[in-house]
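Q: I have a model open on my screen and would like to learn how to read it. Could you walk me through it, feature by feature?

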Amino acid sequence: MINLNSDIKYIKGVGEKRAELFNKLGISCVRALIQFYPRKYQDWSDEKMVRDCENGENVCIKATLMTPVKEHMIRKGMTLFKCNFTDGETIIHVTIFNNKYLAKSLRQYNDYILYGKLEKNLTSANMSSPSIEKAEQNIGIHPIYSATEKLSSKAISKVMKTALDELPTLEETLNTEFRLQYKLVSLDFAIRQIHFPDNEENLEKARYRLIFEELLILQLGLLKLKGNKKAETKLTIKKDYTDEFFSLLPFTPTNAQKKAIADCINDMNGKYAMNRLIQGDVGSGKTAVAAGVLYTAIKNGFQGALMAPTEILAIQHMETISRMLENTGITVDLLTGSTSAKEKREIKGRLINGETDLVIGTHALIQNDVEFKNLGIVITDEQHRFGVHQRANLAMKGNEVHTLVMSATPIPRTLALMIYGDLDISILDELPAGRQTIRTDVVDSRYHKRIYDFIKKAIARGEQAYIVCPLVEEGESDLKPATQYAEMLSETAFKGYNIGLLHGKMKAKDKEKVMNAFSDGNIKILVSTTVIEVGVDVPNATIMVIENAERFGLSQLHQLRGRVGRGSSQSYCILVSDSKSETAQNRLAIMKDNSNGFKIADEDLKQRGPGDFFGNRQHGLPDLKIADMLADTEMLALCRQAADEILEKDCNLDLPENKALANAISDMFRNSVAN
């Protein structure tokens, strides 16, 4: 008798050699085998006559083999087998590719079940490589597994059936009361029916139970992670200076901004250190929120630090926040890689002496010799560009400091709860008054002359333009590189105009010089790579042209588009692409029709998947075996509620009824970055 921990090789019909094939699929024990769920199903229970089928439909037909199977050698390594079946009315011409075993097993005048795509013509029908089973073996709904060349879905199915037949009743992981509350079938029923469902209803019940449990375990793990990271702090805010800060602003904050600042102040009033994410669309006013939170923290006697991923963005924050805090007596310093050695020494001296209230900078802030007198709050902008450790290194400069991270990568709230499991979340879902919709157009390169004329008219009105390229220098012939493109434009279409060039390979001081010249209006057209994607704020820039637009992700295109539309003039984003790919055209159409970053991010996630979307799995989520974080967001919210209820009664999952859940969490998070 096998158990869940038994090696896969001990299942009847597996052995050493086949076990190696299973190992390549990540299956080494029986537990891993039964959690290797089918990727889809074929419903063989609905048998049809050819006359009742739609052309091109996947169907199940009971038919009799009328002719012997004939072998046709096409070329070396490719053999076709042809034969004719009938459903009693219509002849079905069947072709079998390279499956000698199946072809030899078929017997003339025997009844079989054929499952596959049916192509109909006037007098007969064709099926190419259908699944074929003896009629008496038809078992209704067939599971289809992710197979390999040497391990077919049918072989996996056979081993799965053997394993489930040998396994005793599976031990339940959820208590009866909880299962009744959330209408969940037993684990044993769910596992057996997910692999070999008796009918559609049982399959749905099994899927629901297994998806629910997987998301519940994920949420419990993340909530426990968050609870473990809660640290008591003595850096409590005594007085809220938010109203005083608002009186300094030349604009009225949105309700979303007010709520986000209130969330942060409320966190800093408690006994635990704040650990919060401010998430907002392009132009939603995250910097003003950061400044408001910093103002209250500094007025309470603490120092603040704000870290940005690039020097350009750090300088931008320095200018914006300094303007907001003008004449308040708050001292602000800028510390980046290009700060001179002498200035660095002076700034570090002022920080350790407490003369500087707020330091804004890049990775330079996390150098070992940067020390503070009384650091109380750390803010990280565009946090997905920093590793978790870099964020932690800055927080380590103080003693249980308050942490705020900001991100302009919009993602659905339920998904954010998963990805930023250790953070509380505030969302800025309103745009400040005066922010306008940017007109977006998709064109091909035949429109270049019209685009250039359009830019010239804008410059004549005193406006400016960005032109973004995917490459710095020539590398791929079909892509426009920024350096050569800027040179070409200055010699042809824009001869006599002041064109600037900006890319990531430039020295920091050169980048700063170019950006300052663009901000001051001396440069009229800025040709750039995606280095301007985040944070650069030039209200006078009204046109954003993106070359080879199909080469960028949707969220990246949305970020780039957000660099215009920051002033009072109508702004435009022109996406240039010669791609004939239907996928590329659909993606660019989404950009044209949507200005909501959260909707765009949804589409980006659907197309690229969360791994690519967040890059290098730095979100730290465990792999999910059956749940889909995009399709199952409603259940995710329900599981969050269920997880809260469980932890409220048993915060450490110490009760006997929760022991199996605690073990499942350990298993799920064992290889997770988040742990």
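The dialogue below goes from the whole chain down to single residues.

Q: What kind of model is this, and how many helices and strands are there in the chain?

A: This is a predicted model, and the chain holds 22 helices and 22 strands.

Q: What share of the residues of the chain count as buried?

A: Of its 675 residues, 53% count as buried. The exposed area is about 32,400 Å², with carbon and sulfur atoms supplying 46% of that.

Q: How should I read contacts along the sequence, and what share of them join residues at least 24 apart?

A: Take the contacts between residues at least 6 apart in sequence: 72% of these join residues at least 24 apart.

Q: Now the interior, please. Which residues of the largest nonpolar core touch the most other members?

A: A nonpolar core is a set of buried nonpolar residues joined through side-chain atoms within 4.5 Å. In this structure the largest one has 62 residues, and those touching the most other members are Ile 11, Phe 22, Leu 33, Phe 178, Phe 212 and Leu 216. Elements that give two or more residues to this core are α1 (15-24), α2 (30-34), α4 (153-166), α6 (187-195), α7 (200-229), α21 and α22. Helix α7 gives the most, with 12 residues. Another core lies apart from it and has 52 residues, including Leu 249, Ala 288, Ala 297 and Ile 347.

Q: Which residues does Phe 22 touch, leaving out those up to four places away in sequence?

A: With those neighbours set aside, Phe 22 touches Ile 8, Val 14, Ile 27, Leu 33, Leu 151, Ile 156 and Val 159. Both Phe 22 and Leu 33 are among the core residues that touch the most other members.

Q: Let's turn to rings. How many aromatic pairs does the structure hold, and how is the pair of Phe 245 and Phe 246 arranged?

A: The structure holds 13 aromatic pairs. For Phe 245 and Phe 246, the ring centres are 6.1 Å apart and the planes stand at 50°, so this pair is tilted. Tilted is the class left between stacked, under 30 degrees, and edge-to-face, over 60. Phe 245 and Phe 246 are both buried. Elsewhere, ring pairs join Phe 178, Tyr 182, Tyr 208 and Phe 212 into a cluster.

Q: Where do charged side chains sit over rings?

A: Two cases to look at are these. The charged end of Lys 161 sits over the ring of Phe 196, at 5.8 Å from its centre. Lys 456 lies over the face of Phe 494, 5.6 Å from the ring centre.

Q: Next, how many salt bridges are there, and what does one within a helix look like?

A: The whole structure has 24 salt bridges. To read one, look for a Lys or Arg side-chain nitrogen within 4 Å of a carboxyl oxygen of Asp or Glu. Glu 201 and Lys 205 meet that, with their closest N and O atoms 3.5 Å apart. Both lie in helix α7, 4 residues apart, which is about one turn of the helix. Glu 201 is exposed at 53% relative accessible area, while Lys 205 is partly exposed at 38%.

Q: Which elements does the salt bridge of Arg 350 and Asp 333 tie together?

A: The closest N and O atoms of Arg 350 and Asp 333 are 3.0 Å apart. Arg 350 lies in helix α12 (residues 341-353) and Asp 333 in strand β12 (residues 332-335), so the pair ties together parts 17 residues apart in sequence. Arg 350 is partly exposed at 27% relative accessibility, whereas Asp 333 is buried at 11%.

Q: Which residues are linked in a network of salt bridges?

A: Glu 172, Arg 179, Arg 209 and Glu 213 form that network.

Q: Last, the backbone. What is the phi of Ser 129, and what is that of Leu 653?

A: Most residues other than glycine have a negative phi. Ser 129 has a positive phi near 50°, and Leu 653 a positive phi near 55°. Ser 129 lies in the loop between β7 (124-128) and β8 (131-134) and is partly exposed, at 39% relative accessibility. Leu 653 is found in the loop between α21 (633-649) and α22 (659-669), and is buried at 5% relative accessible area.

Notes
Residues are numbered from 1 along each chain as its sequence is written. This is a predicted model: local features need pLDDT of at least 70, side-chain atom pairs count only at pLDDT 80 or more; totals for chains, interfaces and linings use all residues. Side-chain values use heavy atoms; hydrogens and water are left out. Buried means under 20% relative accessible area, exposed over 50%, partly exposed in between (1.4 Å probe, protein chains only). Rings of Phe, Tyr and Trp (its six-membered ring) pair if their centres lie within 6.5 Å; planes under 30 degrees apart count as stacked, over 60 as edge-to-face and the rest as tilted. A charge sits over a ring if NZ of Lys or CZ of Arg is within 6 Å of the ring centre and within 35 degrees of the ring normal. Contact means heavy atoms within 4.5 Å. Accessible areas come from the Shrake-Rupley method with a 1.4 Å probe; for residues, only the protein chains shown count as cover.
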